[in-house]
Structures are given as C-alpha cells and as structure tokens.
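The exercises below ask you to read local geometry, burial and pairing from a set of coordinates. Try each task before you turn to its solution.

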Amino acid sequence: MKQPNRKRKLSMDSKEHLNQDGCLEQAEEEKKPRDGATPLSHVPSVAAQEAWSWEQYLTEQKAIAAPVELFSKDQSFPEHENGFQVGMRLEGIDPRHPSVFCVLSVAEVCGYRLRLHFDGYLSCYDFWTNAGSPDIHPVGWCEKTKHELHIPKGYRKDKFVWMDYLKACKLQNAPKKLFRNRSSNGPMPKEFQVGMKLEAVDRKNPSLVCVATIADIVEDRLLVHFDNWDDSYDYWCDVNSPYVQPVGWCQENGRTLIAPQGYPDPENFSWTEYLEATQTNAVPAKVFKMRPPHGFLPSMRLEAVDRRNPRLIRVATVIDVDEQRLKVHFDGWDHKYDYWMDADSPDIHPIGWCDITGHPLEIPYRANDVKILPGQAVCPTPGCRGIGHIRGPRYSGHHSAFGCPYSDMNLKKEATLHDRLREQTQANLESDSSHSRSKNLCSLNFNGKHEKVNSQPRLVQQAKCLKIKGKEDIDLDNLFRGLSVAGGWVGCRLPGASLSPRQHESR
Ligand SMILES: [Zn+2]
C-alpha cells in the first residue's frame with residue numbers, strides 16, 4: 001500500500017493542464033505518435049494468425065464451441081455496427097467506482113469495442129467496453145435522469161456546462177442513435193425501489209453474502225451497494241441476477257450473512273431491528289426471479305477478453321465452472337494465467353465474434369510457431385507478442401519483462417494503479433461530492449445518523465468476521481479479479497500482504 005515514490009510519480013505524471021481556451025490538453029508524452037513504440041511481434045506468428053480458423057482448430061483439438069444460446073445479448077453477436085468515432089464525448093460509469101458517472105471520450109475504436117478515456121485524467125485509467133454497453137450514455141443523460149456528473153479534472157463543478165465545454169474545445173458529442181436502446185429487456189419491476197434492502201453477493205469475494213441497499217436504478221438494472229462500505233464494491237446487475245437475494249435468504253439457506261461494517265453485534269444481526277433503525281424497507285421476496293443456470297461446461301471454447309491486457313481477445317477454454325462463474329484458460333498459455341469470470345461478463349463471446357465484429361483474435365500460442373530473428377528484441381514471456389504495456393495505453397508495446405503485463409514481476413505487483421478519485425482528492429479538489437448520493441442513502445449509522453464511509457480495504461476490516469465463518473473461506477482468487485482497465489492487470493491493494501494472483505492457485 002505504501003508507495004514511497006508516489007509524490008514524485010504524481011508530479012511526473014500530472015502533465016495535463018488547461019490551455020488558453022480552458023480546454024484540457026493531454027500530456028506531451030501521451031500525444032506522441034505511437035509508431036516509434038510499435039512492438040516487433042514474432043514474425044512467423046502473423047502468418048500463422050492469418051491461416052488460423054476456428055473450424056480447423058476445433059476439429060484438430062476435438063473440441064466443441066460454447067453454444068451461442070448460452071451467451072446473453074451483451075455477449076453475443078451485436079445487432080448494430082459500432083458507430084463511435086475517436087474523440088466523441090459521452091457519459092458513462094467508472095468501472096472502478098460504479099456509482100460514479102463521468103465525462104468520457106472515445107480514445108480508440110476496435111471492432112465492436114471502445115477504449116474510453118476519462119477527460120482530464122491520465123490514460124492509465126482508460127478502459128475497454130463494448131459499443132452496446134449499458135454503462136454508457138449520451139451527453140446530457142445525467143442531467144435528464146438527475147444523476148450527478150463527475151466533471152473533467154480541472155473544471156469547477158458549478159461552472160461546468162456540457163455544451164460550452166464541447167464548443168470551447170471543439171469537441172463532438174456521440175450521437176444518441178449510437179447508444180443501444182435497452183428498453184426491449186422490459187422495465188424494472190416497480191417493487192424494486194432505490195433505498196430498499198436486500199442480501200447480495202460481494203462480487204469481489206463471492207463467498208460473502210452481505211447486507212446491501214439498492215443505491216440506484218437505471219433502465220433494467222440496479223446498483224447494489226454494501227451498507228457502510230465504500231462504493232468500490234458496488235456493482236450493477238439485472239433483477240434476475242443470482243447475486244441478489246431477498247432479505248432472509250441467508251437464514252433460509254444456512255449461510256452466514258455479513259452484517260454492515262461497524263454493526264455492534266455482527267453475529268446476531270437482526271433484519272427486523274436493522275430495518276427499523278434505518279427506517280428502510282426490504283425488497284419484497286416475491287419479486288426475485290432467479291435466472292436459469294448459465295450452462296457453460298468445462299472444455300467449451302469461446303473468445304474472451306484478456307483482462308491483463310484488455311485490448312486483446314483470445315481463444316479460450318472453459319476449464320471449470322461454478323454456479324455463477326466460469327474459469328477461463330487461454331489456449332497455449334501457462335495455467336498460471338487462468339482466472340474466474342462471471343458467466344454474465346460482457347467480456348466473453350461466442351466463437352466467431354471477433355471475425356464478425358472486425359476485432360483481431362489472438363490465436364493459441366504454440367512455441368513451435370515462433371522463430372525469433374537474430375537481434376530482434378522481443379518480450380521474453382512465452383506467448384506474449386509484445387502488445388500492450390503494464391503502464392497502460394501510453395505505450396503500445398513492450399520488449400521486456402519490465403513492461404510485460406504477463407511477466408512474473410508484474411503478476412506479483414499488488415497494484416499498478418492508484419485510485420483515480422483519490423488522486424483527485426490529493427489534488428485539493430475535496431469539494432467534490434460525487435459520492436454524496438449513496439452516502440446519504442446507505443451510510444446511516446445504527447441510530448439513524450449519518451456516518452463517514454470508511455474506505456479501508458474490506459478484507460482487513462472483515463478479518464474478525466471471517467474467523468467466525470470457519471469453513472466458508474474467503475476466495476482470494478476474487479481479490480485479484482481486476483477490472484478490465486487499459487493499464488492491464490489491476491489487483492487489489494492489501495496492506496502488509498503481497499499475495500500475487502498466482503499464489504492462491506496452489507490452494
Ligand atoms: Zn510480454
């Protein structure tokens with residue numbers, strides 16, 4: 001957690017500044033053309049890539065593809081083309097802070113995917129998403145739906161006007177027609193209301209079921225917030241998600257319910273008392289409908305975003321499944337790179353998705369295909385073609401383990417990215433109150449008074465609770481379920497611990 005060089009690092013990185021028109025300029029090094037840094041990929045594998053086909057591969061491997069019917073609308077073949085263009089402005093959710101809506105710009109378009117950039121921030125926070133993602137909205141959406149918009153760094157909240165910003169900076173907003181209309185999924189049942197309580201799985205740590213609140217509702221999805229925890233654990237899901245359950249579900253199913261942080265007697269948590277103390281209601285149990293099991297089976301093949309290098313989609317195999325998730329293995333790669341993904345993750349696709357959407361597909365790695373020319377600088381990690389960089393899209397490639405998202409030294413790093421919003425706080429922008437909504441909703445203390453949300457990592461605080469839980473061990477795998485941020489693999493910061501995503505594989 002301690003970063004001795006942080007101050008220096010920040011001052012080096014914070015090169016963004018306002019120009020004469022008050023427009024944000026990107027740091028010089030971010031603007032430099034990327035051709036100079038283009039990696040030398042292993043030459044023969046390019047030819048191999050061109051000759052490769054799923055059909056042939058499946059026959060060769062005697063393997064089967066995951067049937068298209070198993071994929072949701074967000075995962076399957078898109079109905080529309082990706083009409084977004086680089087530079088277009090929009091509003092969208094920060095994947096690391098799901099309750100926060102931000103001013104975003106399209107930094108890169110690839111097939112049906114977009115790399116989105118937070119205006120005013122460094123590109124290391126950029127992230128990839130699908131063009132049909134429910135997390136993105138047109139300019140003006142926040143105002144229309146009464147959501148707070150987190151404005152670009154360097155602007156005053158009370159002075160920011162979208163249209164002035166676009167005009168002054170000669171920017172284009174992304175046309176409304178490019179955003180997918182999700183009303184076809186049916187509206188949210190009216191029984192689900194903001195402020196209501198439920199029991200929900202902590203997706204970062206799925207063995208925990210915790211006291212939670214509906215912090216927001218947008219179209220057919222709800223925002224789950226864990227009472228008295230910071231918003232980094234929040235997530236959006238639809239009402240049929242297996243992650244949300246009615247109040248009393250744990251008791252009925254013999255599971256331990258994790259009480260809100262700071263609850264006086266967590267082992268004897270009582271919903272009746274808690275609802276009364278917080279003057280809130282539970283979502284009626286009858287409105288919960290469980291979605292059918294996901295249907296993915298071990299050995300099925302699919303295409304999956306590699307979250308250590310989220311610009312890439314690889315040929316992958318399901319090697320294990322549980323109720324809500326599947327474990328993916330990237331064909332030809334070492335098993336240390338395997339990880340669990342939610343079965344409803346928008347980052348898995350049926351075979352042929354890349355081909356149809358015009359996205360490159362990373363084919364299985366075969367050591368024999370690779371011949372390195374004498375004197376050629378290539379990444380030493382087997383399978384890695386030198387694409388991407390641990391420090392984000394500022395560098396398009398790497399030639400050594402130092403920049404490689406897959407090298408042992410980088411896999412062992414606890415975290416490569418500090419918190420974008422905390423960085424802002426440090427920049428003396430404490431007046432920011434983008435979290436006030438959920439705080440007011442969910443952070444009542446047990447006398448009904450407001451309490452400051454503690455942002456210490458959840459696991460540390462829960463140590464006491466976990467000991468009591470005995471057999472229900474915490475799932476370390478999921479601590480490292482980094483988000484698909486463009487900087488590559490992002491783990492979870494654990495003070496005093498240096499667990500790597502690999503160590504728990506041996507458990
Ligand atoms: Zn590499």
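**Exercise 1. Positive phi in loops**

Locate Lys 146 and Glu 219 in this predicted model, and state for each residue the loop in which it is found, the value of phi and the degree of exposure.

Solution. Begin with Lys 146, which is found in the loop between α5 (141-145) and β9 (149-150). The phi of Lys 146 is near 60°, a positive value in a residue other than glycine. Most residues other than glycine have a negative phi. The relative accessible area of Lys 146 is 74%, and because exposed means over 50%, Lys 146 is exposed.

Continue with Glu 219, which sits in the loop between β11 (209-218) and β12 (221-226), and which has a positive phi of about 50° although it is not a glycine. With 42% relative accessibility, Glu 219 counts as partly exposed.

**Exercise 2. The two sides of a helix**

Determine which residues of helix α4 are buried, why they line one face, and what the buried residues pack against.

Solution. In the first step, list the buried residues of α4, a helix of residues 54-61: they are Trp 54, Tyr 57 and Leu 58. In the second step, look down the axis of α4, where the buried residues fall within an arc of 95°, so they line one face of the helix. This can be set beside a general expectation: an α-helix has 3.6 residues a turn, so residues three or four places apart point the same way. In the third step, turn to the face of α4 that points away from the buried side, which carries the exposed residues Glu 55 and Thr 59. Finally, identify the packing partners, as the buried residues of α4 pack against β3 (64-65), β16 (300-305) and β17 (313-321).

**Exercise 3. From the end of the helix to a distant partner**

Follow the chain out of α4 and find which residues Ala 63 touches, not counting residues up to four places away in sequence.

Solution. The residue that follows α4 is Lys 62, whose phi is positive, near 50°. Ala 63 lies in the loop between α4 and β3, and with a relative accessible area of 15% Ala 63 is buried. Once residues up to four places away in sequence are set aside, Ala 63 touches Leu 58 and Arg 301. Ala 63 and Arg 301 are 238 residues apart along the chain, yet their C-alpha atoms are separated by 7.3 Å.

**Exercise 4. Strand pairing**

Work out how β16, β17 and β18 are joined, and then decide whether the faces of β7 are covered or open.

Solution. Start with β16 and β17, which run antiparallel and are joined by five bridges; in this pairing Leu 302 has Ala 316 of β17 as its bridge partner. Strand β18 (residues 325-330) is likewise antiparallel to β17, again with five bridges, and here Val 321 stands opposite Leu 326 in β18. Three residues lie between β17 and β18, which form a hairpin.

For β7 (residues 127-130), sort the side chains by face: Phe 127 and Thr 129 lie on one side, Trp 128 and Asn 130 on the other, and as these are all buried, both faces are covered. In a regular strand the side chains alternate between the two faces of the sheet. β7 pairs with strand β6 (residues 113-118) in the antiparallel sense over four bridges, and Leu 116 stands opposite Phe 127 in this pairing.

**Exercise 5. Surroundings of a buried histidine**

Describe the place of His 294 and the backbone atoms close to the polar atoms of its side chain.

Solution. His 294 is placed in the loop between α8 (271-278) and β16, and its relative accessible area of 17% makes it buried. A polar atom of the His 294 side chain lies 3.1 Å from the backbone nitrogen of Phe 296, and a polar side-chain atom of His 294 lies 3.4 Å from the backbone oxygen of Arg 325. Beyond neighbours within four places in sequence, the contacts of His 294 include Leu 70, Val 321, Asp 322 and Ala 343.

**Exercise 6. The zinc site**

Name the donors of the zinc ion and assign the geometry of the site.

Solution. The zinc ion is coordinated by Cys 379 (SG), Cys 384 (SG), His 398 (NE2) and Cys 404 (SG), at 2.1 to 2.3 Å. Along the chain these donors follow the spacing C-x4-C-x13-H-x5-C. The angles among the four donor atoms are 99 to 122°, and the site is tetrahedral. Of the donor residues, Cys 379 counts as buried at 5% relative accessibility, and Cys 384 is buried with a relative accessible area of 2%.

Terms used:
Residues are numbered from 1 along each chain as its sequence is written. This is a predicted model: local features need pLDDT of at least 70, side-chain atom pairs count only at pLDDT 80 or more; totals for chains, interfaces and linings use all residues. Side-chain values use heavy atoms; hydrogens and water are left out. Buried means under 20% relative accessible area, exposed over 50%, partly exposed in between (1.4 Å probe, protein chains only). Helices (H or I, at least four residues) and strands (E, at least two) are DSSP runs, numbered from the N terminus. The arc is that of the directions from the helix axis to the C-beta atoms. Contact means heavy atoms within 4.5 Å. Donors are N, O and S atoms within 2.8 Å of the metal (3.2 Å for Na, K and Ca); water is not among the atoms, so sites may look incomplete. Four donors count as tetrahedral if all angles lie between 85 and 135 degrees; four count as square planar and six as octahedral if opposite donors are over 155 degrees apart and all others between 65 and 115; anything else is irregular. A polar contact is a pair of N or O atoms within 3.5 Å; within protein, one must be able to donate a hydrogen and the other to accept it, and residues adjacent in sequence count only if both atoms are side-chain atoms. Two strands pair if DSSP finds at least two bridges between them.
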